[in-house]
Amino acid sequence: MRAQFVLSEIGVGLRRNLTMTFAVIVSVALSLALFGGSLFMREQVSTMKGYWYDKVNVSIFLCNKNDKETSANCAKGAVTEAQKQEIESELKQMNIVESVHFETSEEAYKHYKEQFGDSPLADSLTPDQMQESFRIKLKDPERYDVISTAFAARPGVQEVQDQKALVDDLFNLLNGMNFAALGVMTLMLIVALMLIVNTVRVSAFSRRRETGIMRLVGASSFYIQMPFIMEAAIAGLLGAGFACVLLVSGQYFLVNNWLVDKIDVINFIGWDAVLAKLPLVLAIGLLMPALAAFFALRKYLKV
């Protein structure tokens, strides 16, 4: 009988405040969709870092005969065979180095032609103008400074370049977008909480006579509050359900059927990462409105 009464009160409350309930559902859906999207973005950035940092190298560019006038590091002329052997020997002895590849000027020219063959400068370059280099793969890409400190000022070395720095700007941009999404999500969450509190209070005010009678006949505070808390929880759960639909649709249509075909250099997160976040979104959508309603009613229903 009590369960039937609580359910009937929940139905009455939802019907009486249909407009505000709809507003709560929409605001919760949007805020949780942004929350889930920010979680996906964070995991995507972590996945991309693991993918790209595993591929980037540290490059030690060596002086050639054409660098004497253009680079202060190469004022003494082109690198000698003894200097190259010394650098390679020291690199192979360092425990942070996973592998070392020596790229000749002919190989550098070939790679340049493959990547920039349409450039007007491609036809004017010759292999002897390209720099020889050591391509170093580190066990930990964050240890670039060790290589730079050891070889940047070495005779015969023009420059030590960390390819990780080339992709850091991209990751900084993605992290900035993630923080922006979190900021908007926080704003939407505050709006949703305010709507939940106002909706619960309006519902409690419209049924103040019933709650007063229930108090007089000895009903507990929790029993009186239960219909209002359940109304907020149901609205929040519906909003969380819509948020899950938006997240799944975004993964299916935006990522799997568009971005994957357009951008083949990014290893996008899969369905396992998406589905793992949906229970968290549903749990927040259920608990957040229920707790907000509970604390809002503690003072309001004291009669």
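This talk goes through one predicted model, from its overall make-up to its salt bridges, its disulfide, its aromatic pairs and a surface patch.

Some ground rules to begin with. Residues are numbered from 1 along each chain as its sequence is written, and side-chain values use heavy atoms, with hydrogens and water left out. Since the model is predicted, local features need pLDDT of at least 70 and side-chain atom pairs count only at pLDDT 80 or more, while totals for chains, interfaces and linings use all residues.

Let me start with the chain as a whole. Its secondary structure amounts to nine helices and four strands. Helices here are DSSP runs of H or I with at least four residues, strands are runs of E with at least two, and both are numbered from the N terminus. Read from that end, the order is α-α-β-α-β-α-β-α-β-α-α-α-α.

The chain has 303 residues, and 39% of them count as buried. Buried means under 20% relative accessible area, exposed means over 50%, and partly exposed is in between, with a 1.4 Å probe and protein chains only. About 17,300 Å² of the chain is exposed, and carbon and sulfur atoms supply 62% of that area. These areas come from the Shrake-Rupley method with a 1.4 Å probe; for residues, only the protein chains shown count as cover.

On contacts, meaning heavy atoms within 4.5 Å: among those between residues at least 6 apart in sequence, 82% join residues at least 24 apart.

Next, the salt bridges. The term stands for a side-chain nitrogen of Lys or Arg within 4 Å of a carboxyl oxygen of Asp or Glu. The whole structure has seven. I will take three of the pairs in turn.

One salt bridge is between Glu 132 and Lys 84, at 3.1 Å from N to O. Glu 132 sits in the loop between α4 (105-116) and β3 (133-138), and Lys 84 in helix α3 (residues 81-93), so this pair ties together parts 48 residues apart in sequence. Are these two residues buried or exposed? Both Glu 132 and Lys 84 are buried.

Helix α3 comes up again with Glu 86, whose side chain meets that of Arg 154 in a salt bridge of 3.9 Å, N to O. Arg 154 is in the loop between α5 (144-151) and β4 (157-162), so the pair ties together parts of the chain that are 68 residues apart. Arg 154 has 19% relative accessibility and therefore counts as buried. Glu 86, at 41%, is partly exposed.

Another salt bridge joins Arg 135 and Glu 103, with 2.9 Å from N to O. This pair links distant parts of the chain, Arg 135 in strand β3 and Glu 103 in strand β2 (residues 97-103), 32 residues apart. Glu 103 is buried, with a relative accessible area of 5%. Shared partners also make a network of salt bridges, which joins Glu 81, Lys 84 and Glu 132.

Now the cysteines. A disulfide is a covalent bond between the sulfur atoms of two cysteines. The cut-off used here is a pair of cysteine sulfur atoms within 2.5 Å. How many are found in the whole structure? The search finds one disulfide.

The disulfide is formed by Cys 63 and Cys 74, with their sulfur atoms 1.9 Å apart. Cys 63 and Cys 74 both lie in the loop between β1 (58-62) and α3, eleven residues apart. The angle about the S-S bond is -80°, and the link is left-handed. Both Cys 63 and Cys 74 are buried. Separately, Cys 244 is buried as well, at 9% relative accessibility.

On to the aromatic pairs. Rings of Phe, Tyr and Trp (its six-membered ring) pair if their centres lie within 6.5 Å; planes under 30 degrees apart count as stacked, over 60 as edge-to-face and the rest as tilted. There are three aromatic pairs in the whole structure. In one of them, the rings of Tyr 252 and Phe 253 have centres 4.9 Å apart and planes at 90°, so the pair is edge-to-face. Tyr 252 is partly exposed at 40%, and Phe 253 is exposed at 54%. Phe 294 and Phe 295 form another edge-to-face pair, 5.3 Å centre to centre with 75° between the planes. Phe 294 is partly exposed at 29%, whereas Phe 295 is exposed at 52%.

Phe 295 also belongs to the last item, a nonpolar surface patch with Leu 237, Leu 282, Leu 286, Leu 287 and Leu 291, about 540 Å² of accessible area together. Patches are made of residues with over 30% relative accessible area and no salt bridge; like charges are joined within 9 Å, and nonpolar side chains (Val, Leu, Ile, Met, Phe, Trp, Tyr) within 5 Å. Helix α9 (residues 271-300) gives the largest share of the patch, five residues. Leu 286 is found in that helix and is partly exposed, at 35%.
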